[in-house]
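Open the model in your viewer and keep the selection tool at hand. The tour goes from charged pairs to aromatic rings and then to the nonpolar cores.

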Amino acid sequence: MKNIKRIISMVMLSIMIMMAAVPAEVNAATNLTVHFIDVGQGDAILVQYGKNYSLIDTGVEKKYSQLNTYLKKINVKKITNLVVTHPDADHMGGADLVIKNYGVKNVYMTKYTSNTGEYKELIAAIKKYKVKRTNVSRGAKINLGGIKAQVLSADAKASDSNDSSIVLKLVHGKKSFLFTGDISAKLEKQIASQYNVNVDVLKVSHHGSNYSSAVSFIKETSPEYSVLSVGKNNNYGHPDKNVNNRLKKYSKNIVRTDQKGTIVITSNGKKLTYKNVPTKSSSSSGSSSSNNSSSNSSTAVGSYVYVTPTGKKYHKKACGRGTFTKATIKSAKARGLTACSKCF
């Protein structure tokens, strides 16, 4: 009898050891679906996990109706979590409206501030609707409705708003996503030296600007899908042709919102499935102009730029609104201002 009990105990112990050895995964029965919503020249990324919805950025305010239409189309009624990667209009212009209309409970951002009208509207909406604000930092984890994203960067003291971007890595089983905001090549290098950035889906930084997406970083990520959130025939020349060439070399698939509309990638933890949802403003053939940034820059030099009372950069008109005033390129340079890396 003692031998039988001993055998049973050993069998049970073996089973427990085997179960402990199995890697822990997010609920395999719950799919993760990421919607890269077409909002023109801007970012708006919906993370759907089961019946929970979270939003990373919102696009510009004038494209809110396009964002709202898509959310209603897929029957989204509540967005619990909103991540504002950084306070540029093309990433958070519609944030106050999302808070108002979708019952947002949590906003994740950094302490990096802006004097634009959009930023002031966001702060006012957080207070008015009593949304919990969390200022995140590198190494933190953000709960996106039952699945947690790791913060790889969030620099509130960055010298440039783009490099203040919250960078998130989201892992679902054996599949992973990297959301890069508008970070520069310099910050990409730093992140790659500290974290494993080999992922399956990469949200290409800064809409494909040559300011980002260094060869070494793209090679390190080697994604199955590289996603570009970019406006059709935009004035910035995004995506840059050099970035396109890098992506073609190290990424299996390059998909763009200006060509495909909203891009939807679903993970079941083991494999990815892809589909796109065309919008009226997007073209399936996708012939976004790859204007050289030098031609855009020369146009600005020959005309006007826009400045803020306290800013250190000069901008193109499309870069923001609110406190922007018109100035000549000569007067802006005389004040010691330099070109906005996002515009030029």
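Select Asp-200 and Lys-175: are they buried or exposed? Both Asp-200 and Lys-175 are buried. Keep in mind that this is a predicted model. The two form a salt bridge, with the closest N and O atoms 3.8 Å apart. Asp-200 sits in the loop between helix H6 (185–194) and S11, while Lys-175 is in strand S10. The pair links distant parts of the chain, 25 residues apart.

**Next: the other salt bridges**

The count of salt bridges comes to three. Select Asp-43 and Lys-203, whose closest N and O atoms are 2.8 Å apart. Asp-43 lies in the loop between S1 and strand S2 (45–49), and Lys-203 lies in strand S11 (residues 201–203), so this salt bridge ties together parts that are 160 residues apart in sequence. Asp-43 is buried at 1% relative accessibility. Lys-203 is buried too, with a relative accessible area of 1%.

Now go to Arg-256 and Asp-258. Their salt bridge has its closest N and O atoms 2.7 Å apart. Arg-256 and Asp-258 are buried.

**Next: the aromatic rings**

The whole structure holds three aromatic pairs. Select Phe-36 and Phe-179. Their ring centres are 6.3 Å apart and the planes stand at 40 degrees, so the pair is tilted. Phe-36 belongs to strand S1 (residues 32–36) and Phe-179 to strand S10 (residues 175–179), so the rings tie together parts 143 residues apart in sequence. Phe-36 is buried at 1% relative accessibility, and Phe-179 is buried at 3%. Add Phe-177 to the selection: Phe-36, Phe-177 and Phe-179 form one aromatic cluster.

Move to Tyr-225 and Tyr-274. Here the centres are 5.6 Å apart and the planes at 15 degrees, so the pair is stacked. Tyr-225 is in strand S12 (residues 225–228) and Tyr-274 in strand S15 (residues 272–277), 49 residues apart. Tyr-225 counts as buried at 10% relative accessibility, whereas Tyr-274 is partly exposed at 28%.

**Last: the nonpolar cores**

Which residues have the most contacts inside the largest nonpolar core? Select Leu-67, Ile-79, Ile-99 and Val-107; this core has 30 residues. Elements that give two or more residues to this core include helix H2 (64–73), helix H4 (95–102) and helix H5 (117–128). H5 provides the largest share, five residues.

Centre on Val-107. Leaving aside neighbours within four places in sequence, Val-107 is in contact with residues including Leu-82, Val-84, Ile-99 and Ile-126. Apart from this core lies another, of 28 residues; select Ile-45, Tyr-49, Val-136 and Ile-166, which are among them.

Notes. Residues numbered from 1 in each chain as written. Predicted model: local features only at pLDDT ≥ 70, side-chain atom pairs only at ≥ 80, totals over all residues. Heavy atoms only, no water. Core = buried A, V, L, I, M, F, W, Y, C linked by side-chain atoms within 4.5 Å. Buried < 20%, exposed > 50% of the residue type's maximum accessible area, 1.4 Å probe, protein only. Helix = DSSP H or I, 4+ residues; strand = E, 2+ residues; numbered from the N terminus. Contact = heavy atoms within 4.5 Å. Phe/Tyr/Trp six-rings, centres within 6.5 Å; stacked < 30°, edge-to-face > 60°. Salt bridge = Lys/Arg side-chain N within 4 Å of Asp/Glu carboxyl O.
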